[in-house]
Amino acid sequence: MESLEQTFAEKFELYGCYQCGKCTGGCPVSLKSKLNIRRLMIEGILGKNLERMTEREELWDCTTCKTCTIRCPRGLKPMDLIIGMRGTLVEEGHIPKTIIEAMENAYKHGNPWGTPKNKRTEWTKSLPEDLKVKDFSQGDRAELLYFVGCTASSDPRIQEIAKSLVFILNRAEIDFGILGNEETCCGNEIRRMGETGLFEELMDANIQRFETYKIEHIVTACPHGFNALKNEYPQGKFNILHTTQ
Ligand code: SF4
Ligand code: SF4
């Protein structure tokens, strides 16, 4: 029977690593943190990744920038190893205090900021009267969904981006709508924190809404939302665009 370490090594394809160090060489936090992704790879091959897990505070220093994965000449996914190790810690309840609140908020309110669900569209109330925003949750239908995202819905500074995009879409006479208070967190950061179960719940909730409203085309200004919807939700189901495209 395979040990947990072997399963882990196979799941993250660690045996393909030839220890060139290009991952650590490009890691932006490696000079400031004990985090050494190349070493994590070899420790995984040697079956030592799951040892002293609770002492490995440096696992939480990874910004999930993906540079290591992009640089790997073997096409491996070292960043996913870190997410997997975080997942093991999360499953065992070893979650840094600084992210517990964000996770709880995402679970309870559908966003890490803790904005109540029924306040998600508050930002639309300060739009000039001549700017129109359709709301799928209120029975409106449109050709394009603008997926606003948690930060643009909750943070007054970033709400300005949402308002500007509404202005542009209106002036371009594009038929668009938002999910209103039914939009929920895309789960991008939640997955990176290792909470894959909650990520899947959030993803399923969003997909269910997309399907209910027969949405095919989605645009977002949020880079995190764009990454999740484009690369981590089921591929090919929806046409996902970033506003810069
Ligand atoms: S870049 Fe890839 S092959 Fe090289 S050490 Fe890192 S994970 Fe291993
Ligand atoms: S994803 Fe994490 S480990 Fe990889 S380069 Fe970025 S910070 Fe470093």
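1. Start with ligand 1 in this predicted model. The shell around ligand 1 has seven nonpolar, two polar and three charged residues. Cys17, Tyr18, Gln19, Cys20, Gly21, Lys22, Cys23, Arg38, Met41, Cys72, Pro73 and Arg74 surround the ligand. Two elements, α2 (22-26) and α3 (37-45), give two or more residues each to that shell.

2. Now turn to ligand 2. Here 13 residues make up the surroundings. Cys27, Cys62, Cys65, Lys66 and Cys68 come nearest. By class, the shell around ligand 2 holds nine nonpolar residues, three polar residues and one charged residue. Helices α4 (67-71) and α5 (78-91) each supply at least two residues of this shell.

3. Next, the division of the chain. Domain 1 covers residues 4-91. Domain 2 covers residues 112-242. The centres of domain 1 and domain 2, taken over C-alpha atoms, are separated by 32 Å.

4. How many residues of each domain are in contact with the other? Eight residues of domain 1 touch five residues of domain 2. About 540 Å² is buried between domain 1 and domain 2. Carbon and sulfur atoms give 56% of that area. Which three residues supply the most of the area that domain 1 buries against domain 2? They are Thr64, Ile83 and Val90, with 60% of that area. No other three residues supply as much.

5. A word on polar links across the same interface. The count of salt bridges between domain 1 and domain 2 is zero. One residue pair is in polar contact across the interface, with both residues at pLDDT 80 or more. On the side of domain 1 that touches domain 2, four residues are nonpolar, two are polar and two are charged.

6. Finally, charge pairs. Side chains of opposite charge can pair when their charged atoms come close. The salt-bridge count comes to eleven. One salt bridge joins lysine 134 and aspartate 175. Their closest N and O atoms are 2.7 Å apart. Where in the chain do lysine 134 and aspartate 175 lie? Lysine 134 is in strand β1 (residues 134-135). Aspartate 175 is in the loop between α8 (156-171) and β3 (176-178). The two residues are 41 residues apart, and the pair links distant parts of the chain.

How values were computed: Residues numbered from 1 in each chain as written. Chains lettered and ligands numbered in written order. Predicted model: local features only at pLDDT ≥ 70, side-chain atom pairs only at ≥ 80, totals over all residues. Heavy atoms only, no water. Near = heavy atom within 4 Å. Helix = DSSP H or I, 4+ residues; strand = E, 2+ residues; numbered from the N terminus. Nonpolar A, V, L, I, M, F, W, Y, C, P; charged D, E, K, R; others polar. Domains from an automatic or database assignment. Contact = heavy atoms within 4.5 Å. Buried area = accessible area lost by both parts, 1.4 Å probe. Salt bridge = Lys/Arg side-chain N within 4 Å of Asp/Glu carboxyl O. Polar contact = N/O pair within 3.5 Å; in protein donor to acceptor, adjacent residues only side chain to side chain.
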